[in-house]
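Here's a quick briefing to read with the structure open beside you. We'll go through the confidence, then the two ligands, then one serine.

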Amino acid sequence: MSNEKVALITGITGQDGSYLTELLLEKGYTVNGIVRRTSNLLRSRIEHLRRDPKIYDKTLFLHYGDLSDTTTLRRIFREAQPRELYHLAGQSHVGLSFEIPESTCDEAGMATLRLLEIVRDQGQPVRFYHASTSEIFGSVVESPQTEGTPMRPTSPYGCAKAFATQLCRVYRQSYGLFVCNGILYNHESPRRGENFVTRKIARAAARISRGLDSELVLGNLDSKRDWGRAQDYVQAMWLMLQHDQPDDYVVATGDTHSVREFVEAAFAVVDLPWEKYVKRDAAFDRPMELTRLVGCADKIRKTLKWKPSGTFQDLVREMVEAELETLKN
Ligand code: NAP
Ligand code: GDD
C-alpha cells in the first residue's frame, strides 16, 4: 500500500470509536470501521460523518462484521489492508457483564485473541491498539495504580479484559508484534452510553430542570472513579501507535471523585438541590463493586507527552449543557 495512514477500527460506532474516527480523519487517515448489522440503520455517533459526501466512501469506509465472525474479520483485513488496528469493540458495561458473562467474555477476551492471530498472519506489519481498562486492577493492592500494579479483576468484564491484556503482552513478547495496551480509566463525554452513570446523571439533571422527569434512581453513590474526557483519551490511543516501541500505558487524570460528587456538580449546573430528586435503589448495585479507582499516568505524560485537558467540573458542565442543548431540539 502506498498510503501508510490506513486504520481499521472495531467499535467505530461507540463513544471512543466516533471520536477516534474524527481524530484520524483530521490527520489524513483512511479509516475503515467495522459495524454490526442492526435493525436500525441510524448510527447516531458517526451519522454526521456518514452523511458527509466528502468523507463517506472517500476516506471513511464501513464494513459489516462481528467480533465472533473470524472469516469476515479476515476478509475485512484483506480489503482494507490496515497499518493500524484500534480494537475498541465489545460489551463494555461492567454491571451488565454479570448478567451476560459469556458473550461479554467472548467479545472482550476471545475476540482479542482472534484479532491478534489475524494480525500475526498479515504480510505487512500492523500496529495493534488494545482497549484495556482500569477494571483489570479490581480489588486494588495499591493507589494510584500503574502499569505494574497486579491484575485482580472483580467482574466478568474485568476478567476478560485482564485475559486480553496479558495475551497482548504475550504476543508482543513472543512474536515481536507491535501491540499496545491502553489501560484507560473512565472517560466520558456527551456521547457516553446512556446507561453509564455520568451520562445518566447529566441527562436526568437536564430533564428534571426542564420538568420532563421528576427523579433520578441510582445505585452506589460512594464509589469513586478517575473520570476524564473521551476526546483526550482517543488522542492517547493514537500517540501509543506512533511511538517507536510498543508498550502499555495507564491513561488517567490522577484525580478521583465519588458518584455523589458527580451528582452534586451536575445538579449545581441547573441550580437544583440534588437531594430532593435522587433516590437510591440497590437494583443498580453490582454483585462485587470497585469502591475506588485512581490511575498514575506519569509514564504516558513523560514518554508520549500526553496530558488530560480541563477539570472534573468542566467535564460535568460540558455533559449537562450538551443534554440541555438536545432538549431544545
Ligand atoms: P461503547 O460506547 O460501549 O462502544 C462499544 C462498541 O463496540 C460499539 O461500537 C459496539 O457496536 C461495538 N460492539 C459491541 N459488541 C460487538 C460485536 N460483537 N461485534 C462488533 N462490534 C461490537 O464503548 P466505549 O466507551 O467507546 O469504549 C471502547 C472500548 O474501550 C471498549 O472495549 C471498552 O470496554 C473500553 N474501555 C472504555 C472505557 C471508558 O471509560 N469508556 C475505559 C476503559 C476501557 P454497536 O454500536 O453496534 O453496539
Ligand atoms: N452504570 C451505573 N448506573 N453505575 C452506577 C449507577 C447507575 O445507576 N449508580 C451508581 N453507579 C456506580 C457504579 O456502581 C460504579 O461504581 C460507578 O457508578 C461507575 O459506573 P459506570 O459508569 O457504569 O462505569 P464503570 O466504572 O463500571 O465502567 C466504565 O469504566 C471502565 C473503566 O474503569 C466502563 O466504561 C468500562 O467499559 C470501563 O472499562
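A polar contact here is a pair of N or O atoms within 3.5 Å. By that yardstick, a nitrogen atom of ligand 1 and a backbone N or O atom of L67, 3.1 Å apart, make the cut, because the limit is 3.5 Å. Keep in mind that this is a predicted model.

**Confidence**

- Averaged over the chain, pLDDT comes out at 97, and 99% of the residues reach 70 or more.
- Element by element, the lowest mean pLDDT, 96, belongs to helix 2 (residues 47-50), while strand 6 (residues 179-184) has the highest, at 99.

**Ligand 1**

- There are 23 residues around ligand 1, and the ones that come nearest are T13, D16, R36, S92 and Y157.
- Sorted by class, that shell holds seven nonpolar, 10 polar and six charged residues.
- Helix 1 (15-26), strand 5 (127-133) and helix 6 (156-175) each put in at least two shell residues, and strand 5 has the largest share with three.
- Besides L67, the backbone of Q15 gets involved: one of its polar atoms is 3.0 Å from an oxygen atom of ligand 1.
- On the side-chain front, an N or O atom of E107 sits 3.3 Å from a nitrogen atom of ligand 1.
- As for cover, ligand 1 has 910 Å² of accessible area on its own, and the protein covers 87% of that.

**Ligand 2**

- Ligand 2 has 22 residues around it, with S92, S134, Y157, R286 and E289 coming nearest.
- Its shell splits into eight nonpolar, nine polar and five charged residues.
- Two side chains reach oxygen atoms of ligand 2: T133 has a polar atom at 2.6 Å from one, and R192 has an N or O atom at 2.9 Å.
- N195 uses its backbone instead, with a polar atom 2.9 Å from a nitrogen atom of ligand 2.
- On its own, ligand 2 has 720 Å² of accessible area, of which the protein covers 96%.

**S223**

- Look for S223 in the loop between strand 8 (216-218) and strand 9 (224-225).
- Is S223 buried or exposed? S223 counts as buried because its relative accessible area is 5%, and the cut-off is under 20%.
- Setting aside neighbours within four places in sequence, S223 touches H257, S258, V259, E289, L290 and T291.
- One of those partners, E289, is also among the residues that come nearest to ligand 2.

How values were computed:
Residues are numbered from 1 along each chain as its sequence is written. Chains are lettered from A and ligands numbered from 1 in the order in which they are written. This is a predicted model: local features need pLDDT of at least 70, side-chain atom pairs count only at pLDDT 80 or more; totals for chains, interfaces and linings use all residues. Side-chain values use heavy atoms; hydrogens and water are left out. A residue is near a molecule or strand if one of its heavy atoms lies within 4 Å of it. A polar contact is a pair of N or O atoms within 3.5 Å; within protein, one must be able to donate a hydrogen and the other to accept it, and residues adjacent in sequence count only if both atoms are side-chain atoms. Accessible areas come from the Shrake-Rupley method with a 1.4 Å probe; for residues, only the protein chains shown count as cover. Ala, Val, Leu, Ile, Met, Phe, Trp, Tyr, Cys and Pro count as nonpolar, Asp, Glu, Lys and Arg as charged, and the others, Gly among them, as polar. Helices (H or I, at least four residues) and strands (E, at least two) are DSSP runs, numbered from the N terminus. Buried means under 20% relative accessible area, exposed over 50%, partly exposed in between (1.4 Å probe, protein chains only). Contact means heavy atoms within 4.5 Å. pLDDT is the predictor's confidence in each residue, from 0 to 100.
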